[in-house]
Amino acid sequence: MDTGSLYMGSKIIGVDLRCLPADGSAGGGIAHAARAIAAELEQRLGTRLIRYDVHGNRHALIRAIKERPCDLLFVPSGAVSPGLPVPAIPWVHDLDIFDHPEWFPQSWVKRTLTTHFFLQGIRRAPHVFAVSEYTKQAMIRHARIPAHRVTVTSEGGDDVLASIPRDQLAERKREAVQRLASLGITRRFALVLGTLEPRKNIAMLCRVWPEVVRQVPDVDLVIAGQDGWKTMAIHEAIRACPSTILLQKPHHNGRTPFTESDRRDLLLAASLVCVPSFSEGFGLVALEATQAGTPVLASRRGALPEVLGEGSWLLEPEDREGWREKVTQVLSDGALSRTMIDQQAARNASFSWRQTAHHILEVLDEKHNLPYHPHKV
């Protein structure tokens, strides 16, 4: 039996993929997750899933829906455009812009409009998905919707990394180390992976790093990610930081931009992955690192404790001394590193895109006949 027939009867599900980069690149964060969940849903629904890969405003999406109609629209960016001809269910990643507007580049006017329509999309939706309990609680607080209208799905990480047998992981790590030499990475390294933006707290780690290399002199700090916004202070901190390699598009050394394969190699080959963010709606990089068998140090903020579980690997993002001490310990103590890997890997088995898609389709199957009532506040 077609597994897709288990869900939604004969209903057609559309996916709004306007969040994917127009240049065809993998993108980060939301785009990365949207591509993964769309592929998993398509595998289950087959021809009953329509991908709206249009680029542009809501009018382009509306035209696409009219040309290829669907019964329900899944919006993996979380931002539902107003005036759509079908019910839309958002998949919300975070609401940090409400609590920390200073982290983002929008003007007051643009932010007011954006957040208004964002909340409107959540309130009008027949149901809402959240990537974490942290995000669910933020939605309940800001959108003032009841808890039963929000389902937590989690995310799935990297299926390629998760599928590597444990007995083959050491060899795959050695191969990744060899391949990364082409990017100029020839020594052990700690990794920061993700878009350069204030929320990621990268400048703090750069300020700590000189103290780390005085005690562990044979280790580099690799920062891999595209420029986001408000990056001037971040780049100043990176330039002032010794033993640092910055990978972007294009690379600092003019080579071809790093690919998804390079991303996996970085996660496999790193001695440590650091996620010092002030907030994360989920924590995809942290999960992918554990799937690669690499220890993770992360902040005790946002959804990161949900992904990694409680442990000594969670630190306050402002605690520079704590980060210096813990980074140095993990890079210097092989036994501690292996213990962290084992403890963190024991938790990551509960995350997969297959499971995320199952949660989504199960709820859609149960909820799709709900009336589409605008929620007035």
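This briefing covers a sheet, a helix pair and the cysteines of one structure. The model is predicted. It has an open sheet of six strands, a packed pair of helices, α8 and α13, and zero disulfides.

**The sheet**
- The strand order is β9-β8-β7-β10-β11-β12, and the pairing is parallel.
- β9 (244-247) and β12 (314-315) stand at the edges. Each has a single partner strand, so one side of each lacks a neighbour in the sheet.
- Strand β10 covers residues 272-275, and strand β11 covers residues 296-299. Three bridges join these two parallel strands.
- V273 sits opposite V296 of β11.

**The helix pair**
- Helix α8 spans residues 202-215, and helix α13 spans residues 320-332.
- The two helices pack at an angle of about 45°, and their axes are 9 Å apart. That angle makes α8 oblique to α13.
- The crossing of α8 and α13 is right-handed.
- On the α8 side, the contact is made by M204, L205, R207, V208, W209, E211, V212 and Q215.
- On the α13 side, R320, W323, R324, V327, T328 and L331 make the contact.

**The cysteines**
- A disulfide needs two cysteine sulfur atoms within 2.5 Å.
- For C206, the closest cysteine sulfur is in C241, at 4.5 Å, so the pair is too far apart for a bond.
- For C274, the closest cysteine sulfur is in C206, at 11 Å, which is also too far for a bond.
- C206 is buried, with a relative accessible area of 3%.
- C274 is buried too, at 2% relative accessibility.

Key
Residues numbered from 1 in each chain as written. Predicted model: local features only at pLDDT ≥ 70, side-chain atom pairs only at ≥ 80, totals over all residues. Heavy atoms only, no water. Buried < 20%, exposed > 50% of the residue type's maximum accessible area, 1.4 Å probe, protein only. Pairing = 2+ DSSP bridges. Helix = DSSP H or I, 4+ residues; strand = E, 2+ residues; numbered from the N terminus. Axes fitted to C-alpha atoms, helices over the stretch in contact; angles between N-to-C directions. Parallel < 35°, antiparallel > 145°, perpendicular 65-115°, else oblique. Left-handed = near helix turned anticlockwise from the far one by under 90°. Contact = heavy atoms within 4.5 Å.
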